[in-house]
Amino acid sequence: MKTIDFLYKKIVRPIAFKIDPEKVHDMAILKFKIASNFNFFKKIVSNYFTVNSPISISGLNFKNPIGLSAGFDKNGEAYDFLKCLGFGFIEIGSVTLKPQKGNPKPRLWRIPEEKALVNHFGLNNIGAYEVLRNIEKKGKEEIVLGINISKNNDTEFEIAHKNISECFKILKDAGDFFVINISCPNVKGFTESLKDYSKKIIESVKEIDDKKIVFIKISPDILDEDLKDISELCEKTKTGIVASNTTKRRDLIKTRKFDSIEGGLSGKPLSKINIETIEKIRSFAPNIPVIASGGIFDKNDIQLRKKAGANLFEIYTSFIYEGPLQVRNLLGQ
Ligand SMILES: Cc1cc2nc3c(=O)[nH]c(=O)nc-3n(C[C@H](O)[C@H](O)[C@H](O)COP(=O)(O)O)c2cc1C
């Protein structure tokens with residue numbers, strides 16, 4: 001295990017960090033996609049990285065409570081290899097009904113001294129039908145699969161529930177649970193109350209299938225009154241919460257380089273607000289499943305979120321900084 005950690009931190013990461021971050025990400029997805037065709041290789045990798053720490057939430061059985069956050073495998077191309085790195089679940093997406101290119105490049109930056117990233121992808125993805133095709137090609141994998149759905153950027157917020165529920169309708173039988181992303185900081189024009197907006201979305205999704213496990217993914221920048229309203233709404237409608245997405249805030253990092261760059265900040269700087277958000281959700285919604293996402297880097301981060309009331313834990317940025325042993329590290333193996 002120490003050799004892998006050494007190789008990643010002393011060789012792979014320093015080389016990768018000299019290359020444009022989005023290019024590295026695309027290369028990684030391509031390699032994982034190719035590797036996913038080799039069952040023997042997948043088995044070896046799985047045997048090495050798998051950590052069993054089973055947990056059941058909302059009737060789903062997870063190998064362990066650590067998941068890969070949305071945004072890494074946006075199009076469902078590589079999750080069948082990524083699962084071999086020990087994850088207890090993988091959330092693909094965000095997927096939108098129609099494909100979209102996202103924002104112009106560059107749109108991903110590293111801040112190594114803060115163990116953080118800033119992204120301004122703008123929800124680039126190949127669209128619901130193509131993602132469905134990717135999932136169907138892979139067949140039923142032994143992993144709990146979450147599908148994160150967002151509205152198309154050119155869809156007005158007033159009709160977003162229709163756009164989202166149409167996307168859900170296409171993908172509903174392909175995933176074990178669904179996350180509706182109402183939190184992307186890279187989209188503009190929100191005017192409605194967050195509660196009314198979320199209520200319409202939850203209702204229209206449940207109208208299509210009320211048996212599916214659905215979560216709402218919120219922003220860490222959410223106002224306290226909105227957080228209370230959303231938590232109560234989720235408790236009432238038996239909807240889970242993923243807390244949270246990336247932040248627009250820049251006061252959480254020392255460098256001023258990103259003050260004028262639009263996009264969501266992720267990683268270590270999110271840690272404190274993530275714990276506070278989970279505590280607040282729990283005070284309003286004692287019974288719903290809560291997935292913690294934001295700044296999880298070590299075992300203590302897991303303990304703090306567990307204490308705050310989270311049931312499951314997702315990582316993105318720490319996977320980039322800490323490497324393939326991160327699930328094992330987080331579970332203390
Ligand atoms: C490059 C990048 C792309 C992301 N794309 C999405 C996305 O498409 N949908 C989404 O809901 N969250 C997205 N996220 C947010 C992550 O899923 C996660 O909630 C956030 O980064 C906080 O977790 P972390 O600190 O472990 O990275 C993205 C994050 C990053 C860094």
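Two strands are taken to pair if DSSP finds at least two bridges between them. With that in hand, a small part of this predicted model can be read easily: 3 strands form an open sheet in the order 5-6-11, and their pairing is antiparallel. Strand 5 (108-111) and strand 11 are the edge strands, each of them pairing on one side only. From one strand to the next, the twist averages 20°. As a general reminder, the strands of a sheet pair through backbone hydrogen bonds, either parallel or antiparallel.

A closer look at the first pair in that order is helpful. Strand 5 and strand 6 run antiparallel and are joined by 4 bridges. Within this pairing, Trp-109 stands opposite Val-118 in strand 6. The two strands form a hairpin, with 4 residues between them. Lys-115 belongs to the turn of that hairpin, in the loop between strand 5 and strand 6. Its phi is near 50°, a positive value in a residue other than glycine. Lys-115 counts as partly exposed because it has 19 C-beta neighbours inside 10 Å, whereas 20 or more would make a residue buried.

Leu-123 offers a useful companion to Lys-115. Phi of Leu-123 is also positive, near 60°, and again the residue is not a glycine. Leu-123 is found in the loop between strand 6 and helix 5 (128-138). Here the neighbour count falls on the other side of the cut-off: Leu-123 has 23 other C-beta atoms within 10 Å, so this residue is buried.

The backbone holds two further points of interest, both at peptide bonds. A cis bond joins Lys-105 and Pro-106, with omega at about -5°. Pro-106 has its place in the loop between strand 4 and strand 5, and strand 5 is an edge strand of the sheet described above. The bond from Ala-243 to Ser-244 is cis as well, with omega near 5°. Ser-244 lies in the loop between strand 10 (240-243) and strand 11; strand 11 is the other edge strand. For context, most residues other than glycine have a negative phi, and most peptide bonds are trans.

The ligand gives another way to look around the model. A shell of 27 residues surrounds the ligand, and the closest are Ser-69, Gly-71, Ser-266, Tyr-316 and Thr-317. Elements giving two or more residues to this shell are strand 4 (89-95), strand 6 (116-119), strand 11 (264-267) and helix 11 (317-322). Strand 6 and strand 11 thus appear both in the shell and in the open sheet. By class, the shell has 16 polar, 9 nonpolar and 2 charged residues.

Stepping back to the chain as a whole, the secondary structure comes to 12 helices and 13 strands. The C-alpha atoms fill a box of roughly 50 × 45 × 40 Å, taken along the principal axes. The chain has a radius of gyration of 18 Å, which agrees with a compact globule, because a globule of 333 residues would have a value near 20 Å. Of the 333 residues, 44% are buried, and Leu-123 is one of the buried residues. Among the contacts with a separation of 6 or more, 75% come from residues 24 or more positions apart.

Key: Residues numbered from 1 in each chain as written. Predicted model: local features only at pLDDT ≥ 70, side-chain atom pairs only at ≥ 80, totals over all residues. Rg over C-alpha atoms; globule rule 2.2 N^0.38 Å. Buried ≥ 20, exposed ≤ 12 C-beta atoms within 10 Å, placed from the backbone. Contact = placed C-beta atoms within 7 Å. Near = placed C-beta within 6 Å. Nonpolar A, V, L, I, M, F, W, Y, C, P; charged D, E, K, R; others polar. Axes fitted to C-alpha atoms, helices over the stretch in contact; angles between N-to-C directions.
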